[in-house]
Amino acid sequence: MQQAVEEEYEVKQMKDLAAARRRWETLVREGKVKVLTPREAGYAIKLSYKTLLDVRPSTERQKAWVKGSTWIPLFEVDDRAEAGTIARKVTDFVMAFFACCMLCALGGWWSGVPTLSYNKEFVSKVEEKFPKDTDLIVACQKGLRSLAACEALYNAGYENLFWVQEGLEAAEEEDLEREGPQSFKLAGIGGLSEFLGWTDQQRAAAAKEGWGYRLVFSARLIGLFLVADALFLGAQQFGHYLQDLRSH
């Protein structure tokens, strides 16, 4: 019963997302939201003094951000300790550890993607900072959430909206003035996949950096397998110990 409810919810989410994409494409096609590449956004910030509105969650923002940008997240990290959420994360972690991390490729422990909830105060917080005639360049990590933010702002009366196509992840280092400990390309990754260097972004970086970069993650993978092996052997020994106790 629970599985059927979850599947029905997932189908509804997919339909809602498809409908939202059509609305966003209409906004862009009709010119209500202008499109900028990351490089064009950098020029607009430097030459036209336009404001970049960063709508990413804190987990991405804290890794890399555009200098002088304003941060108002469209979605916030949901830290509520719900039993279902905790169970899913624990399950993902165990599967990742003992099935070579492949069965939970979409789980939070693998990708590092936290549970997010919609920021109901997003529009009101933007309105507190910017008049409706402000030129706003709206950006997220991959370009999807920023489109959703553009729709919300357009419906609230903002008409000078610019969307960073493909998000900050598509930016090269020279496109935007960056602050923070990581590059824009790596700001959206996390979890076990980042630790092992198994993300597309890290593979691209490895191709540029060479073998030294790859050896770091190879050593981590070997270490992970050694730890997993030790835990497995320890669990076996503990099982034998419990069996001996029952037999006596």
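**Exercise 1. How many salt bridges does the count come to by the rule below?**

Solution. Start with the ground rules. This is a predicted model, where local features need pLDDT of at least 70, side-chain atom pairs count only at pLDDT 80 or more, and totals for chains, interfaces and linings use all residues. Residues are numbered from 1 along each chain as its sequence is written, and side-chain values use heavy atoms, with hydrogens and water left out.

Next, the rule. A salt bridge is a side-chain nitrogen of Lys or Arg within 4 Å of a carboxyl oxygen of Asp or Glu. Applied here, it yields 15 salt bridges.

**Exercise 2. Find the salt-bridge partners of aspartate 54 and classify their exposure.**

Solution. Step one: aspartate 54 pairs with arginine 56, N to O, at 2.7 Å. Step two: aspartate 54 also forms a salt bridge with arginine 61, with 3.1 Å between the closest N and O atoms.

Step three: apply the exposure classes. Buried means under 20% relative accessible area, exposed over 50%, and partly exposed in between (1.4 Å probe, protein chains only). Aspartate 54 is buried because its relative accessibility is 0%. Arginine 56 is buried because its relative accessibility is 0%. Arginine 61 is buried, as is aspartate 54.

**Exercise 3. Are arginine 178 and glutamate 173, joined by a salt bridge, buried or exposed, or in between?**

Solution. Take the contact. Arginine 178 and glutamate 173 meet through their side chains, 3.1 Å from N to O. Now the classes. Arginine 178 has 28% relative accessibility, so it counts as partly exposed. Glutamate 173 has 42%, so it is partly exposed. Elsewhere, Arg39, Glu174 and Asp175 form one network through salt bridges that share partners.
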